[in-house]
Amino acid sequence: MGQKDRPNYWKNAALLTGSDVVLRLAGLGLRIGLANALGGEGMGLYQLILAVYMVFVSLATAGINVASARLAAQSLARGRGMAATLRGLCGTALLFGCCAMLLQVLLAEPAARYLLHDTRAILALQILAPSLPFMAAAGAVRGCFLAARRVHPNVIAQLIEQIIRMAIAIAALRVLAQWGAGYGCAAVVLGSTVSEGISCALMFAFAAKT
């Protein structure tokens, strides 16, 4: 690493570390708020829903961040730029994300009924499903930015995503939590789905400017 790269390296490392700390603290605060709003039963159901959801997240994002960072780095090293690579990566990511979304929608009822033994999870799983294509596509773009040593777009998008997730979850909980744990969990995951969509849009907006 040359002398001129060191300031950028330390700056990027500081940004990533600082944003990670902020996001973790915000996530902790959100979980405490959810525990108070949903109660023990609601939080238990929410954790079960997340466990199923993470299986589909793995299917949708399966190594896309690492693959996009590596392929983008290779393109940059060859002097080709990242435009063509980014288009291919986003197309592949959207394909995986859409397949995972359809699977989750189709399997939401069987998973809730026979795996979780709680049909109240069906609505939350269905609401979470549209977040998968957004998550996959955003992951592809994030990998390309990391390859280019640009962490600002990732940090900004993640911070805005967390703020929106918390705001929507808190607002929706006030309306839906009174109808039971199932609707309370649906309110929380609605924030996740909307925030993933906005985060993905932000990542594409940043990419369009480069």
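**Cys90, two cores and a salt-bridge network**

Mentor: Start with Cys90. Leaving out residues up to four places away in sequence, Cys90 touches Ala137, Ala140, Val141 and Phe204.

Trainee: What makes these pairs count as contacts?

Mentor: Contact means heavy atoms within 4.5 Å. Cys90 meets that with Ala137, Ala140, Val141 and Phe204. Keep the setting in mind: this is a predicted model, where local features need pLDDT of at least 70, side-chain atom pairs count only at pLDDT 80 or more, and totals for chains, interfaces and linings use all residues. Residues are numbered from 1 along each chain as its sequence is written, and side-chain values use heavy atoms, with hydrogens and water left out.

Trainee: Why is Cys90 called buried or exposed?

Mentor: Its relative accessible area is 7%. Buried means under 20%, exposed over 50%, partly exposed in between (1.4 Å probe, protein chains only). At 7%, Cys90 is therefore buried. Cys90 sits in helix α3. Its C-alpha atom is 9.1 Å from that of Ser68, 22 residues away along the chain.

Trainee: How many helices and strands does the protein chain have?

Mentor: Seven helices and zero strands. From the N terminus, the order is α-α-α-α-α-α-α. Both kinds of element are DSSP runs numbered from the N terminus: helices are H or I with at least four residues, strands E with at least two. Of the 210 residues, 43% count as buried.

Trainee: Which residues have the most contacts inside the largest nonpolar core?

Mentor: Tyr46, Ile49, Tyr53 and Leu132, in a core of 31 residues. Helices α1, α3, α4 (121-128), α5 (131-147), α6 and α7 each supply at least two of its residues. The largest share, 11 residues, comes from α1.

Trainee: What makes this set a nonpolar core?

Mentor: Such a core joins buried Ala, Val, Leu, Ile, Met, Phe, Trp, Tyr and Cys residues through side-chain atoms within 4.5 Å. Tyr46, Ile49, Tyr53 and Leu132 are of those types, so they can be members. Outside its neighbours within four places in sequence, Tyr53 is in contact with Gln104, Leu125, Leu128, Ser131, Leu132 and Met135. A second, separate core of 17 residues includes Leu86, Ala140, Phe145 and Cys200.

Trainee: Why is Arg165 with Glu196 called a salt bridge?

Mentor: The rule is a side-chain nitrogen of Lys or Arg within 4 Å of a carboxyl oxygen of Asp or Glu. Here N to O is 3.6 Å, so the pair qualifies. The pair links distant parts of the chain: Arg165 in α6, Glu196 in helix α7 (residues 181-209), 31 residues apart. Both Arg165 and Glu196 are buried.

Trainee: What else does Arg165 bind to in this way?

Mentor: Glu161, with the closest N and O atoms 2.8 Å apart. Both lie in helix α6 (residues 152-176), four residues apart, about one turn of the helix. Glu161 has 8% relative accessibility, which makes it buried. Arg165 is buried too, at 16%. Arg142, Glu161, Arg165 and Glu196 are linked in a network of salt bridges.

Trainee: Is the Arg113 and Glu109 pair buried or partly exposed?

Mentor: Partly exposed on both sides: Arg113 has 36% and Glu109 has 40%. Their closest N and O atoms are 3.0 Å apart. Both lie in helix α3, four residues apart. The whole structure holds five salt bridges.

Trainee: What makes Leu103 eligible for the nonpolar patch?

Mentor: Patch residues have over 30% relative accessible area and no salt bridge; like charges are joined within 9 Å, nonpolar side chains (Val, Leu, Ile, Met, Phe, Trp, Tyr) within 5 Å. Leu103, in helix α3, has 40% relative accessibility, so it passes that cut-off. Val55, Leu59, Leu106 and Leu107 join Leu103 there, with about 460 Å² of accessible area together (Shrake-Rupley method, 1.4 Å probe; for residues, only the protein chains shown count as cover). Helices α1 (5-61) and α3 (83-115) each supply at least two patch residues. The largest share, three residues, comes from α3.

Trainee: Which element has the lowest mean pLDDT?

Mentor: Helix α2 (residues 64-77), at 72, while α4 has the highest, 93. pLDDT is the predictor's confidence in each residue, from 0 to 100. The chain averages 80, and 81% of the residues score at least 70. Over residues 1-6 pLDDT stays under 50. Where pLDDT is low, the predicted coordinates should not be read in detail.
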